[in-house]
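Here are some remarks on the aromatic side chains of this model, set out point by point. Please read them with the structure open beside the text.

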Amino acid sequence: GVSQVYLISSREPDRYDMPALLADAFPGVRNYLDASSFLFAGGTDGATESWSLPVLWSAIIAGIQGQWQDAVEDLLYVVDGTDVHITQQCDGRAASIVLMEHSEKDGAYTDSVWLQNTWYLDMPAVGKARETGELRWIPADIQDKPRVWRWCG
């Protein structure tokens, strides 16, 4: 015979005996998942809420993620989302800046990402960087020189 009968509903899996069936059929699995996976971890950070979504970056921001070396200065740039972590390799001094996305700036620079409000990137610059391994930041003022970063990982 059957030692335990379970009443379950596929439309409402949290009702009736479904939690008990899962606990009996897979003992210890929930504790393992709760302890080892951020997807099942509790907390107040919102990661387990049904409305939380992953961050989706623009194509320009997504295209420049990673580590870049300045072509002239001894600087290492690590792009993580819109955050840029800068390390001077000779002495280890570090700083952080935030890239700014603009869909329009004075009507001239549509769909661009700005570095310190002085240099910008557009999608053609990112596409060229994928081919050459060199990211050329375009100066907004022609008196400034372009910033050139080389891909390093």
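**Aromatic contacts**

1. One aromatic cluster is made up of Tyr77, Trp137 and Trp149. Please bear in mind throughout that the model is a predicted one, and that the structure holds four aromatic pairs.

2. Trp68 and Trp151 form an edge-to-face pair, with 5.1 Å from centre to centre and 75° between the planes. Because Trp68 belongs to strand 1 (residues 66-70) and Trp151 to strand 9 (residues 147-151), this pair ties together parts that are 83 residues apart in sequence.

3. Are the two partners of that pair buried or exposed? Trp68 has a relative accessibility of 3% and therefore counts as buried, the limit being under 20%. Trp151, in turn, has a relative accessible area of 46%, so this residue is classed as partly exposed.

4. Within the cluster, the ring centres of Tyr77 and Trp149 lie 4.0 Å apart and their planes meet at 20°, so this pair is stacked, given that planes under 30 degrees apart count as such. The pair also links distant parts of the chain, since Tyr77 is in strand 2 (residues 75-80) and Trp149 in strand 9, with their positions 72 residues apart in the numbering. Both Tyr77 and Trp149 are buried.

5. A contact of another kind involves Arg147, whose charged end sits over the ring of Trp119 at 5.3 Å from the ring centre.

Definitions and conventions:
Residues are numbered from 1 along each chain as its sequence is written. This is a predicted model: local features need pLDDT of at least 70, side-chain atom pairs count only at pLDDT 80 or more; totals for chains, interfaces and linings use all residues. Side-chain values use heavy atoms; hydrogens and water are left out. Rings of Phe, Tyr and Trp (its six-membered ring) pair if their centres lie within 6.5 Å; planes under 30 degrees apart count as stacked, over 60 as edge-to-face and the rest as tilted. Helices (H or I, at least four residues) and strands (E, at least two) are DSSP runs, numbered from the N terminus. Buried means under 20% relative accessible area, exposed over 50%, partly exposed in between (1.4 Å probe, protein chains only). A charge sits over a ring if NZ of Lys or CZ of Arg is within 6 Å of the ring centre and within 35 degrees of the ring normal.
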